Amino acid sequence: MRVIGIDPGTAIVGFGVIDYIGSKYKVVDYGCIYTSKDLPMEKRISAIYDELDNILKKYSPTHMAVEDLFYFKNAKTVISVGQARGVIVLCGEKNNIPQVSFTPLQIKMGITGYGRAEKKQVQLMVQRILGLSEIPQPDDAADALAIAITHINSLNSGYILASKPNLSKVVGIKNGKITAAEYRNLLNKKD
């Protein structure tokens, strides 16, 4: 399975591509798509679409996981990031890649087992899970890798998002969800 995680933004879009084969994670690539604040919004989201389209064609992921928007104090920011997220989702759809979304809380839970974990804790766990010698940089790319890991772990643990009922045929999981303690036990379970 090859998963691309996406951390949406207008100035910076983080991406992380991970292969998961035989219970092992392998980083394929990660990085960021950058747009200039001096460009009009339509040019920025067009550039995001084009660059992401190239990345999707280059790596051919089988799954795409995108971070959900969370509350912003600035309405203008949430609108612009929402526009960027919209073209990201559209790009995935046009490339026929199944997509899921995770909230920041779900990602923190999926990586650290604690929904209020600090950004540094999440980054350290990403480094540890992927067996990297250092924390991936920049932060947006590390966040995208965390999103991809969360999706891989959700598929392996039986945690199913309510928006994907067709995946809920996992034995032993009630209502398509598991508790945080069950999730941590599954992550620590040896094959």
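This is a guided tour of one protein chain, stop by stop, with a suggestion each time of what to select next.

**Before you start**

The model is predicted, and for that reason local features are described where pLDDT is at least 70, side-chain atom pairs count only at pLDDT 80 or more, and totals for chains, interfaces and linings use all residues. Residues are numbered from 1 along each chain as its sequence is written, and side-chain values use heavy atoms, with hydrogens and water left out.

**The whole chain**

Begin with the chain in cartoon view, where you will find six helices and five strands; helices (H or I, at least four residues) and strands (E, at least two) are DSSP runs, numbered from the N terminus. Followed along the sequence, these elements come in the order β-β-β-α-β-α-β-α-α-α-α. If you switch on the surface, the accessible area is about 10,500 Å², with 54% of it belonging to carbon and sulfur atoms; such areas come from the Shrake-Rupley method with a 1.4 Å probe, and for residues only the protein chains shown count as cover. The chain has 191 residues, of which 42% count as buried, where buried means under 20% relative accessible area, exposed over 50%, and partly exposed in between (1.4 Å probe, protein chains only).

**A loop residue: Ala11**

Next, select Ala11, which sits in the loop between β1 (2-7) and β2 (12-21). With a relative accessible area of 36%, Ala11 is partly exposed. Now add Tyr34 to the selection: the two residues are 23 apart in sequence, yet their C-alpha atoms are 5.6 Å apart in space. Setting aside neighbours within four places in sequence, Ala11 is in contact (heavy atoms within 4.5 Å) with Ile33, Tyr34, Thr35 and Arg44.

**Two nonpolar cores**

For the next stop, show the side chains of Ile4, Ile6, Ile48, Leu52, Leu56, Met64 and Ile88, which touch the most other members of the largest nonpolar core, a set of 19 residues. A nonpolar core is a set of buried Ala, Val, Leu, Ile, Met, Phe, Trp, Tyr and Cys residues joined through side-chain atoms within 4.5 Å. The elements giving two or more residues to this core are β1, β2, α1 (41-59), β4 (63-67) and α2 (75-94), and the largest share, six residues, comes from α1. Centre the view on Leu56, and you will see that, not counting residues up to four places away in sequence, Leu56 touches Ile4, Pro61, Met64, Cys91, Gly92, Asn95 and Ile97. Apart from this core lies another, of 18 residues, among them Tyr20, Val100, Ile107 and Leu145.

**Salt bridges**

A salt bridge is a side-chain nitrogen of Lys or Arg within 4 Å of a carboxyl oxygen of Asp or Glu, and by this rule the count comes to four. Select Arg2 and Asp19, whose closest N and O atoms are 2.6 Å apart; this pair links strand β1 to strand β2 across 17 residues of sequence. Arg2 is partly exposed at 22% relative accessible area, whereas Asp19 is buried at 10%.

Move on to Arg85 and Asp68, whose side chains meet in a salt bridge at 3.0 Å, N to O. Arg85 belongs to helix α2 and Asp68 to the loop between β4 and α2. Is Arg85 buried or exposed? At 14% relative accessibility, Arg85 counts as buried, while Asp68, at 25%, is partly exposed.

Then select Asp143 and Lys119, which form a salt bridge at 2.8 Å, N to O, and which join helix α5 (residues 139-157) to helix α4 (residues 119-130).

**Helix α2**

Finally, select α2, whose 20 residues should span 28 Å at 1.5 Å a residue (the expected span is 1.5 Å times one less than the number of residues), and whose end C-alpha atoms are indeed 28 Å apart. Colour its buried residues, which are Ser80, Val81, Ala84, Arg85, Val87, Ile88, Cys91 and Gly92. They cover an arc of only 160 degrees around the axis, so they lie on the same side of α2; the arc is that of the directions from the helix axis to the C-beta atoms. An α-helix has 3.6 residues a turn, so residues three or four places apart point the same way. What covers these buried residues includes β1, β2, α1, β4 and β5 (99-102), while on the other side of α2, Lys76, Ile79, Glu93 and Lys94 are exposed. Just after α2, end the tour at Asn96, which takes a positive phi of about 55 degrees.
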